[in-house]
Amino acid sequence: SVAKIPSQADAQGLSNTAWAFARLECRHEPLMEAISAASIAKIPDFSGQNLANTAWACATLELILRPLMNAIAAAAIKISKHL
């Protein structure tokens with residue numbers, strides 16, 4: 001099942017998968033929704049690059065995944081305070 005794959009991935013795997021689908025212009029909404037849910041749970045493990053890649057993928061695919069974008073924004077603010 002599509003939903004099981006993202007739950008087994010780490011932060012980099014999730015962001016790389018989202019990035020790859022966006023790069024290929026493949027808008028697979030069930031996969032992206034599963035990546036979104038798994039990413040929110042693992043957002044503390046995301047690097048700045050993982051956050052950027054995931055946000056870029058959502059924007060490129062024109063997907064409105066508001067809970068994920070809120071989590072990315074909060075994590076980016078937290079990271080920026082340590083720069």
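**Exercise 1. Check the length of helix α2 (residues 11–23) in this predicted model: what should its 13 residues span at 1.5 Å a residue, and how far apart are its end C-alpha atoms?**

Start with the expected span, which is 1.5 Å times one less than the number of residues. For the 13 residues of α2 that gives 18 Å. Now go to the two ends of α2: their C-alpha atoms are 18 Å apart, so the two values agree.

**Exercise 2. Which residues of α2 are buried, and what arc do they cover around the axis?**

Buried means under 20% relative accessible area. In α2 that picks out Ala11, Leu14, Ser15, Ala18 and Ala22. These residues cover an arc of only 90° around the axis, so they sit on the same side of α2. The spacing rule behind this is handy: an α-helix has 3.6 residues a turn, so residues three or four places apart point the same way.

**Exercise 3. Work out how α2 and α4 are arranged: what is their packing angle, and how far apart are their axes?**

Take the angle to begin with: α2 and α4 pack at about 30°, and their axes are 8 Å apart. Angles under 35 degrees count as roughly parallel, so α2 and α4 are roughly parallel to each other. As for handedness, α2 and α4 make a left-handed crossing.

**Exercise 4. Do the same for helix α3 (residues 29–42) and helix α5 (residues 66–80): at what angle do they pack?**

The angle is about 30°, and the axes of α3 and α5 lie 9 Å apart. That makes α3 roughly parallel to α5. The crossing of α3 past α5 is left-handed.

**Exercise 5. Look at glutamate 25: where does it lie, what is its phi, and is it buried or exposed?**

Find the loop between α2 and α3; glutamate 25 lies there, just after α2. Its phi is near 55°, a positive value in a residue other than glycine. With 70% relative accessibility, glutamate 25 counts as exposed.

**Exercise 6. Move on to the loop between α4 and α5: what is the phi of glutamate 62, and how far is the C-alpha atom of isoleucine 64 from that of glutamine 49?**

Glutamate 62 has its place in this loop between α4 and α5. Its phi is near 55°, again positive in a residue other than glycine. A relative accessible area of 62% makes glutamate 62 exposed.

Isoleucine 64 is also found in the loop between α4 and α5. At 69% relative accessibility, isoleucine 64 counts as exposed. Its C-alpha atom is separated by 20 Å from that of glutamine 49, and these two residues are 15 residues apart along the chain.

Notes:
Residues are numbered from 1 along each chain as its sequence is written. This is a predicted model: local features need pLDDT of at least 70, side-chain atom pairs count only at pLDDT 80 or more; totals for chains, interfaces and linings use all residues. Side-chain values use heavy atoms; hydrogens and water are left out. Helices (H or I, at least four residues) and strands (E, at least two) are DSSP runs, numbered from the N terminus. Buried means under 20% relative accessible area, exposed over 50%, partly exposed in between (1.4 Å probe, protein chains only). The arc is that of the directions from the helix axis to the C-beta atoms. Axes are lines fitted to C-alpha atoms, for helices over the stretch in contact, and angles run from 0 to 180 degrees between N-to-C directions. Angles under 35 degrees count as roughly parallel, over 145 as roughly antiparallel, 65 to 115 as roughly perpendicular and the rest as oblique. A crossing is left-handed if the near helix is turned anticlockwise from the far one by less than a right angle, and right-handed if clockwise.
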